[in-house]
Amino acid sequence: MKRKVHITEVVLRDANQSQIATRMPRSDFEDILETMDKAGYYSMEVWGGATFDSCLRYLDEDPWDRLRFIRSKVKNTKLQMLLRGQNILGYKHYSDDTVRAFVRKSVENGIDIIRIFDALNDPQNMATAIDECLKAGGHAQGSICYTISPIHTFESYVELGKTLEKMGCNSICIKDMAGIMSPQVCYDLVSALVKSVNLPIYVHSHSTTGLGPMTLMKAIEAGAAGIDTAISIFSGGTSHPATESLVYSLEEMGFDTGVNLKVCQKINDHFKPVQERFLKEGGLNPSVLTTKIEALNYQIPGGMLSNLISQLTAVDKLDRLDEVLVETPLVRKDMGYPPLVTPMSQMVGTQAVTNVLTGERYKLVSKEIKAYCRGEYGAPPAPISKELMEKALGDEKPFEGRYDDMIEPEIPGAKEYLGDLAESEEDVLSYVAFPQQAEKFLKDRREKKALKVSYSIQEVE
Ligand code: CO
């Protein structure tokens with residue numbers, strides 16, 4: 001019998017995030033959802049990551065409403081989201097009551113699988129979300145963020161895999177957000193995990209460095225249960241390997257993906273004009289579509305590199321880029337080798353730029369890195385250097401124990417503050433996650449409703 005391979009289609013979340021900064025409005029995909037449901041995907045990643053923030057900030061959409069709408073059209077395929085553990089969908093640690101309510105509401109509104117990760121690979125930062133996901137009846141997928149450093153060994157990844165299994169996860173994802181995991185490393189790592197952990201292993205990679213498609217192929221050969229791909233028109237570059245190419249090749253090799261390529265063609269035809277519009281209107285920079293080998297040389301994710309370039313360009317100091325590229329791995333080392341994923345990629349990059357531009361290491365230390373040194377982001381993979389500790393904290397001592405235990409519950413205060421502006425628990429959660437954006441969104445919504453009421457009164461008259 002053919003071995004089954006699961007395909008997760010990521011066009012609505014990660015491809016959308018990687019190529020067009022998560023600016024795809026609901027109107028761009030609402031008509032294709034029912035077709036997508038018939039493609040035979042194991043799951044569709046549709047929510048979480050930056051989609052929530054983007055809905056409120058740029059798209060004037062209620063993110064919860066977007067999820068419910070997708071669920072109403074996608075009745076058979078599992079819906080998946082990405083959650084930043086204790087950071088939920090934001091950039092700081094939230095209280096346990098927020099994390100639990102957010103996870104519960106995500107499942108209630110239609111999510112089947114929650115992929116939970118932590119930027120530091122600290123299991124404590126994933127524990128609350130995993131626990132609540134299981135209680136709510138969801139599938140908890142624990143993540144291992146893949147990075148390259150002297151302390152990130154196969155043994156350390158396998159150890160994390162075993163811990164996630166003990167915590168009750170239903171599956172494990174190796175998350176290669178920078179697209180720097182080579183085919184051979186992927187083969188060895190998946191083999192090691194398959195041998196030591198009794199859970200299905202999923203592999204998530206990007207095409208940034210061009211390794212992606214080969215890496216995913218080796219993942220399946222090593223026994224991975226599934227891979228993430230994006231429909232071809234939104235694939236490649238900073239996005240993902242193409243769904244159709246992987247399905248075509250895997251089927252030929254004797255695997256059963258369950259995905260119907262004829263349906264994929266319809267989906268691809270639907271998204272072609274969407275991509276064209278983003279290209280024409282400037283929302284899609286063609287440079288993200290090409291293969292960039294720099295990420296392999298500098299160990300810097302593509303998104304982070306473009307961020308560094310834009311930060312330096314803004315102050316007319318692009319000529320200092322080479323120094324920043326030398327400084328970045330040094331800052332990362334001082335911080336105990338955090339994987340370069342949100343929010344660590346931003347924190348490391350900004351500090352490296354600051355060090356170069358001030359001409360002195362840690363003359364200025366960002367408030368985020370001070371918080372990191374105090375322990376507010378959890379345990380760093382390796383100890384923070386003495387120099388950085390001293391410059392960041394002075395005489396102040398870092399926290400002992402779990403920082404999240406010290407965060408007061410956030411929901412009661414938010415409820416009281418919003419009053420009848422919040423019409424649901426989901427509204428309150430939007431506010432706790434993104435106070436400014438959500439408050440503006442909720443006020444605008446109320447105004448629009450008031451307008452509607454007065455129109456309808458006129459109509460009656
Ligand atoms: Co990704």
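This briefing covers a strand barrel, a helix packed on its sheet, and a cobalt site. The model is predicted. Its barrel is closed by 8 strands with parallel pairing. A cobalt ion is held by Asp14, His204 and His206.

**Barrel**
- The strands follow one another in the order β2-β3-β4-β5-β6-β7-β8-β9.
- From one strand to the next, the twist averages 30°.
- Within the barrel, β5 spans residues 113–116 and β6 spans residues 139–145.
- These two strands pair in the parallel sense, over 4 bridges.
- Arginine 115 has glutamine 141 in β6 as its bridge partner.

**Helix on the sheet**
- Helix α8, residues 183–196, packs on the sheet.
- Helix α8 touches β6, β7 (171–175) and β8 (201–204).
- The direction of α8 makes about 155° with that of β8.

**Cobalt site**
- Asp14 coordinates the cobalt ion through OD, while His204 and His206 each use NE2.
- The coordination distances run from 2.0 to 2.2 Å.
- Along the sequence, the donor residues are spaced D-x189-H-x1-H.
- Aspartate 14 lies in helix α1 (residues 11–20), and histidine 204 lies in strand β8.
- This pair is 190 residues apart and links distant parts of the chain.

**Burial of two donors**
- Aspartate 14 counts as buried because its relative accessibility is 5%, and the cut-off for buried is under 20%.
- Histidine 204 is also buried, because its relative accessibility is 0%.

Note on methods
Residues numbered from 1 in each chain as written. Predicted model: local features only at pLDDT ≥ 70, side-chain atom pairs only at ≥ 80, totals over all residues. Heavy atoms only, no water. Pairing = 2+ DSSP bridges. Axes fitted to C-alpha atoms, helices over the stretch in contact; angles between N-to-C directions. Contact = heavy atoms within 4.5 Å. Donors = N, O, S within 2.8 Å, 3.2 Å for Na, K, Ca; no water. Buried < 20%, exposed > 50% of the residue type's maximum accessible area, 1.4 Å probe, protein only.
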